[in-house]
Amino acid sequence: MSAAKTEDISTVDVGIVGGGPAGLMSAILLARRGITAAVIEQRSEQEIRTTHRAGILEAGTVDMLVQADIGSCVLTEGHEHTGTILSFDGTQVRIPLKEAVGRSVWLYPQNEVFTDLARAWQEEDGEVHWSVSDTAVSGLTTSTPAIDFTDSDGRARRIEAKMIIGADGSRSVCRRSIPEDVRTDYFTEYPFAWFGILCEAPPTAPELIYANSQDGFALISQRSATVQRMYFQCDPETNPDDWDDEAIFDRIQSVLGSATQLKRGPIISKNVLPFRSYVCEPMTYGRLVLAGDAGHTVPPTGAKGLNLAFTDVRALIPRVEEFLAAPDGGTAALEQYSQTALDRVWKAQHFSYWATSLMHNRPNDDAFAYRRRRGEFDAITGSPEGRAYFADGYTGWA
Ligand SMILES: Cc1cc2nc3c(=O)[nH]c(=O)nc-3n(C[C@H](O)[C@H](O)[C@H](O)COP(=O)(O)OP(=O)(O)OC[C@H]3O[C@@H](n4cnc5c(N)ncnc54)[C@H](O)[C@@H]3O)c2cc1C
């Protein structure tokens, strides 16, 4: 299919807003099918490369990275985790993911996923505009949708396409361009947030530890041999500067209990991450489709966000090809994508909400609520069926 460029207008099959995992993976897989795409991204490549977010990849996400044949280092630099640990009041139980459901997860930071994808797209000579501003989409219900933006040199530009993928994250401009009477926004908020740190220390544990105690939630995660990622539950209004390093480590240690001793080191980054659950239905409007966080966000407890971005793309690409084979024949293929994606999104919403509720304390929790959650923890960790239920959702279902 064709790609033509004039000085300020590019004409491609698919215009993509957002150069995160959903946008770049879509562009690469479309190119493999001979479909031309152009990507615009409001942040610089360097800024995305150095922003720390997801770390846990489902086996299906790893398969997509490998099968895309982009030279991803996931199998050489990533770490397979065949289990994960749940801890309640210091009682630790390992959920043997692989043994329970035959699948593992992989620790491979989102920055590395981004680096792989951005390098592959540039090696394909794919059109990408970093550091853009003033993004606007138009003509979504016509045969000539377009993306207008200002490029990094301050020049007004336009991408004309046969359809647009809105992969522009949780504050999506594309989503907001769907009229309010056409879309339904489903969301719920949580009365807590995560206080996240990066510290220079060796790993405290070889696998993730999700912990709860009377002090709330904590997560021990890993990044590399020398830098670690950890979180603990906090009030959404918390100012990170009010916490010094020792107070942070003491809080995480108190949630962990004595079974695991934290490896401490200089904290090089700290931030507070409020979160909520959100779904936009449908994830399509005319010739626009939403993919990834633009269509849905989940609390990070279930480690689902990046993985959902990839499963959206997996469902989307064949439907884009179907649509482009006869673009004037209607948008049924794009509506089918929305339905397929939403079926999985709601399963992931449930898992993320459930895991969040199990592992966090709400401000108004009474003694009954706390002991009931202990009962739930024992039910999940205490039988092969309970462990398999957790493992099935955590690894991303069959
Ligand atoms: C602390 C934290 C931990 C997480 N842990 C995990 C985990 O372990 N596992 C997991 O699967 N997920 C996790 N997630 C979620 C994961 O990071 C996101 O779900 C994932 O980034 C979604 O990818 P995306 O491509 O849809 O969106 P994004 O990565 O947000 O990419 C969207 C891009 O669009 C760009 N953009 C936005 N607006 C515009 C515009 N107007 N014009 C041009 N560009 C625009 C943005 O700059 C951004 O780069 C975590 C998230 C956080 C915050």
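This passage walks through a predicted model, from its sheet and hairpin to an aromatic pair, some backbone oddities and a pocket. Since the model is predicted, local features need pLDDT of at least 70 and side-chain atom pairs count only at pLDDT 80 or more, while totals for chains, interfaces and linings use all residues. Residues are numbered from 1 along each chain as its sequence is written, and side-chain values use heavy atoms, with hydrogens and water left out.

The sheet comes up to start with. Six strands make an open sheet with mixed pairing, in the order β10-β4-β3-β14-β21-β20. Its edges are taken by β10 (127–129) and β20 (284–285); each has a single partner strand, so one side of each is left without a neighbour in the sheet. On the bookkeeping, strands (E, at least two residues) and helices (H or I, at least four) are DSSP runs numbered from the N terminus, and two strands pair if DSSP finds at least two bridges between them. Strands of a sheet pair through backbone hydrogen bonds, either parallel or antiparallel.

Within this sheet, β3 (residues 14–17) runs parallel to β4 (residues 37–40), and 4 bridges join the two. G15 has A38 as its bridge partner in β4. In a regular strand the side chains alternate between the two faces of the sheet. In β3, V14 and I16 point one way, G15 and V17 point the other way, and all are buried; buried here means under 20% relative accessible area, exposed means over 50%, and partly exposed is in between (1.4 Å probe, protein chains only). Further along the sheet order, β14 (residues 163–166) and β21 (residues 288–290) are also parallel, held by 3 bridges, with I165 opposite V289 in β21.

Away from those parallel pairs, β7 and β8 run antiparallel and share 5 bridges. They form a hairpin with 2 residues between them, and F88 stands opposite T91 in β8. D89 sits in the loop between β7 (84–88) and β8 (91–95), and its phi is near 50°, a positive value in a residue other than glycine. At 42% relative accessibility, D89 counts as partly exposed.

Most residues other than glycine have a negative phi, and most peptide bonds are trans. D125 is another residue with a positive phi, about 65°, although it is not a glycine. D125 lies in the loop between α6 (110–123) and β10, and its 69% relative accessibility makes it count as exposed. As for the peptide bonds, the one from E281 to P282 is cis, with omega near -10°; P282 falls in the loop between β19 and β20.

On the aromatic side, the structure holds 22 pairs. Rings of Phe, Tyr and Trp (its six-membered ring) pair if their centres lie within 6.5 Å; planes under 30 degrees apart count as stacked, over 60 as edge-to-face and the rest as tilted. W354 and F390 make one of these pairs, a tilted one at 6.4 Å centre to centre with 55° between the planes. This pair links distant parts of the chain, 36 residues apart: W354 belongs to helix α10 (residues 332–359) and F390 to helix α12 (residues 384–394). Both W354 and F390 are buried.

Two more residues are worth a look. S213, in strand β16 (residues 209–213), counts as buried at 6% relative accessibility. S213 and G34 are 179 residues apart in sequence and 53 Å apart in space, C-alpha to C-alpha. G257 is in the loop between α8 (245–256) and β19 (267–281) and counts as partly exposed at 23% relative accessibility. From G257 to P274 the C-alpha to C-alpha distance is 25 Å, with their positions 17 residues apart in sequence.

Last comes the second largest pocket, which holds about 230 Å³ of space. Of the 13 residues lining this pocket, E77, P109, E112, R223 and S224 are the closest to its centre. Domain 1 (4–55 + 109–183 + 282–355) and domain 2 (190–275 + 363–394) both contribute to the lining, so the pocket lies between them; the domain bounds come from an automatic or database domain assignment. By class, the lining has 6 nonpolar, 4 polar and 3 charged residues, where Ala, Val, Leu, Ile, Met, Phe, Trp, Tyr, Cys and Pro count as nonpolar, Asp, Glu, Lys and Arg as charged, and the others, Gly among them, as polar. A pocket is an open set of points on a 1 Å grid over the protein atoms alone, where a 1.4 Å probe fits, with protein on both sides within 12 Å along at least five of seven lines; lining residues have an atom within 4 Å of a point. Grid points are joined across faces, edges and corners, and the volume is the space filled by probe spheres set on the points.
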